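Colleague: I've got the model open and I'd like to know what stands behind the words you use for it. Can we go through it together?

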Amino acid sequence: ETLSHSSNYLASRTSKMAKPSHQEQVTNFTKACVSFNEVTIPSIRSILKRLNLFLETAEVALQNALLSHTEGLLKTAITCLQEIQSIDELRDGDLEEGIVAFIQKLSAFLIVVPGHPTLGAFFILKGLLTLLDSQLWLMPGLRSMQAFSAIISLTAALSQKELPYHIGNKEVISNDELYHGESSYNEELVAISNVLVQKILDSLNQAPNSYALANQALDICNSLLTSFK
């Protein structure tokens with residue numbers, strides 16, 4: 001774990017300090033750091049540590065325009081969730097909370113991750129949703145509403161003509177430029193958002209009435225109003 005964090009730190013630090021004339025060397029060094037993490041992180045036992053390190057490394061990769069590495073790391077992180085095979089494994093509250101936190105951070109990061117030329121603009125997001133559908137125990141009770149609320153905020157951000165933020169690398173072209181004016185892009189976003197809203201409504205209807213549920217419902221309403229105002 002420490003080695004992976006250090007590798008990411010070195011890659012980020014080198015990228016920020018290097019002169020433009022050294023860009024090729026910086027890219028090669030960053031690739032080496034990212035590749036090191038790709039083979040090292042799977043050896044870590046803790047699922048949460050692996051999830052967060054894969055995401056952290058993906059961020060470093062994208063900052064250096066290593067798109068294929070970014071996509072591979074994110075897909076591997078999502079695949080890690082498949083290791084949780086039943087709700088019994090989620091009895092550890094820290095794990096349950098950590099998975100939600102990971103999905104929230106992933107949703108924020110996916111705002112700046114470009115779509116794939118053949119797999120589409122939302123292939124990573126759809127992969128995540130497919131996994132959550134197939135393993136419902138990953139998001140029990142109120143946790144599912146927290147996760148889906150974060151993903152709705154993602155779809156709302158992606159629907160804007162200009163994204164709220166971008167990666168500081170001119171080689172990385174975000175979705176607001178890649179799919180500007182494409183009706184199919186917006187139609188797919190609307191379809192995904194409709195599914196997410198329905199999932200939240202289903203979770204609300206199935207959850208027992210409680211003070212926590214009321215607070216969560218209010219948070220979701222605020223999130224929706226903020227996202228789609």
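Modeller: Sure, starting with the contacts: among those in the protein with a separation of 6 or more, 74% are between residues 24 or more positions apart. Contact here means heavy atoms within 4.5 Å. Keep in mind that this is a predicted model, where local features need pLDDT of at least 70 and side-chain atom pairs count only at pLDDT 80 or more, while totals for chains, interfaces and linings use all residues. Residues are numbered from 1 along each chain as its sequence is written, and side-chain values use heavy atoms, with hydrogens and water left out.

Colleague: How many helices and strands are there in the protein?

Modeller: It has 10 helices and 0 strands, and along the sequence the pattern reads α-α-α-α-α-α-α-α-α-α. Those labels are DSSP runs numbered from the N terminus: H or I over at least four residues for a helix, E over at least two for a strand.

Colleague: Take α1 and α2; what makes them roughly antiparallel?

Modeller: Two packed helices are described by the angle between their axes and the distance between the axes. Axes are lines fitted to C-alpha atoms, for helices over the stretch in contact, and angles run from 0 to 180 degrees between N-to-C directions. Under 35 degrees counts as roughly parallel, over 145 as roughly antiparallel, 65 to 115 as roughly perpendicular, and the rest as oblique. Helix α1 (residues 2-17) and helix α2 (residues 23-40) pack at about 165°, with axes 9 Å apart. That angle is over 145, so α1 and α2 are roughly antiparallel. Among the residues making the contact are S7, L10 and A11 of α1 and F29, C33 and F36 of α2.

Colleague: What are the classes of the residues in that α1 and α2 contact?

Modeller: It has 7 nonpolar, 8 polar and no charged residues. Nonpolar covers Ala, Val, Leu, Ile, Met, Phe, Trp, Tyr, Cys and Pro; charged covers Asp, Glu, Lys and Arg; the others, Gly among them, are polar.

Colleague: How do you know which term fits α4 and α6?

Modeller: The axes of α4 (residues 67-80) and α6 (residues 123-134) come within 10 Å and cross at roughly 5°. An angle like that falls on the parallel side of the cut-offs, so α4 and α6 are roughly parallel. E71, L74, K75 and I78 in α4 meet F123, I124, G127, L128 and L131 in α6, which gives 6 nonpolar, 1 polar and 2 charged residues.

Colleague: And why are α3 and α4 called roughly antiparallel?

Modeller: Their axes cross at roughly 165° and come within 8 Å, so by the cut-off for antiparallel the term fits α3 and α4. The crossing of α3 and α4 is left-handed, meaning that the near helix is turned anticlockwise from the far one by less than a right angle; clockwise would make it right-handed. The residues of this α3 and α4 contact divide into 12 nonpolar, 4 polar and 1 charged.

Colleague: Now single residues: is S7 buried or exposed?

Modeller: Buried means under 20% relative accessible area, exposed over 50%, and partly exposed in between (1.4 Å probe, protein chains only). S7, in helix α1, has 7% relative accessibility and therefore counts as buried. Beyond its neighbours within four places in sequence, S7 is in contact with C33, F36 and N37.

Colleague: What makes E56 partly exposed?

Modeller: E56 has 24% relative accessibility, which lies in between those cut-offs, so it counts as partly exposed. E56 is in helix α3, and apart from neighbours within four places in sequence it is in contact with S4, H5 and N8. The C-alpha atoms of E56 and H5 are separated by 8.3 Å, although these residues are 51 residues apart along the chain.

Colleague: And why does H116 count as buried?

Modeller: H116 comes out at 19% relative accessibility, under the cut-off, so buried is the word. H116 lies in the loop between α5 (93-110) and α6. Leaving aside neighbours within four places, H116 is in contact with E71, A121, F123 and Y179.

Colleague: How much of the protein counts as buried overall?

Modeller: Of its 229 residues, 45% count as buried.
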